[in-house]
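Colleague: Could you take a close look at the largest cavity of this model for me, and then set it beside the strands that form the barrel? I would like a careful reading that a first-year student can follow.

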Amino acid sequence: MIGLKAMMNIIDNSGAIVAECVHVLKSKTRHGHARVGDQVVCVVQRARPIPIITGPAGPASTSLQIPKVRKGEVRRAVIVRTKKEEQRPDGSVVRFDDNAAVLIDKKGEMIGTRIGGVVSADLRRRGWGKIAALAPKVI
């Protein structure tokens, strides 16, 4: 479960590396913690550096992917992995090594175009099928 001040790895290619949870949105259980598939508001704590483009190529050069987010930005995210174990309806228990999330915009669409890690299969059940489809492995 993810609560306030929890640090999460960002596993998409939006440019963010680490984010801190500052608010849990639409918590149905009323305990203020987020599980896999829940939306949170987070602040980007570490991001990839933005390259300085000089020379004749200028901004028309598309060989470099410019990060879409910067350090200090407030964004929404969907939790895709948690350290806290979670029991599934079939009785199995799933636990991951870290907390991870994928950044989304206000409409619920992903900011990045790729996902670089394992995600939980519970995402499909909770309405985030696109994230599960883009992930290299679903557990």
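Modeller: In this predicted model, the largest cavity has a volume of about 40 Å³, and the count of cavities of 30 Å³ or more comes to 1. Rolling a probe the size of a water molecule over the atoms shows where empty space is left. The largest cavity is lined by Val-36, Thr-82, Lys-84, Glu-86, Arg-88, Val-94, Phe-96, Ser-120 and Asp-122, and this lining divides into 3 nonpolar, 2 polar and 4 charged residues.

Turning to the strands, 5 of them close into a barrel in the order 1-2-3-4-7, with mixed pairing. Neighbouring strands of this sheet are turned by 55° against each other on average, when direction is ignored. Strands of a sheet pair through backbone hydrogen bonds, either parallel or antiparallel.

Strand 1, residues 7–10, runs antiparallel to strand 2, residues 16–24, and 3 bridges join them. Within this pair, Met-8 has Ala-19 of strand 2 as its bridge partner, while Asn-9 stands opposite Val-18 in strand 2. The hairpin made by strand 1 and strand 2 has 5 residues between the strands, and Gly-15 takes a positive phi near 115° there.

Strand 2 also pairs with strand 3, residues 39–47, in the antiparallel sense over 7 bridges. Here Val-18 appears again, with Arg-46 in strand 3 as its bridge partner, so that Val-18 can be followed from Asn-9 in strand 1 across to Arg-46 in strand 3.

How values were computed. Residues are numbered from 1 along each chain as its sequence is written. This is a predicted model: local features need pLDDT of at least 70, side-chain atom pairs count only at pLDDT 80 or more; totals for chains, interfaces and linings use all residues. Side-chain values use heavy atoms; hydrogens and water are left out. Two strands pair if DSSP finds at least two bridges between them. Helices (H or I, at least four residues) and strands (E, at least two) are DSSP runs, numbered from the N terminus. On a 1 Å grid over the protein atoms alone, a cavity is a set of points where a 1.4 Å probe fits but cannot get out, and a pocket is an open set with protein on both sides within 12 Å along at least five of seven lines; lining residues have an atom within 4 Å of a point. Grid points are joined across faces, edges and corners, and a volume is the space filled by probe spheres set on the points. Ala, Val, Leu, Ile, Met, Phe, Trp, Tyr, Cys and Pro count as nonpolar, Asp, Glu, Lys and Arg as charged, and the others, Gly among them, as polar. Axes are lines fitted to C-alpha atoms, for helices over the stretch in contact, and angles run from 0 to 180 degrees between N-to-C directions.
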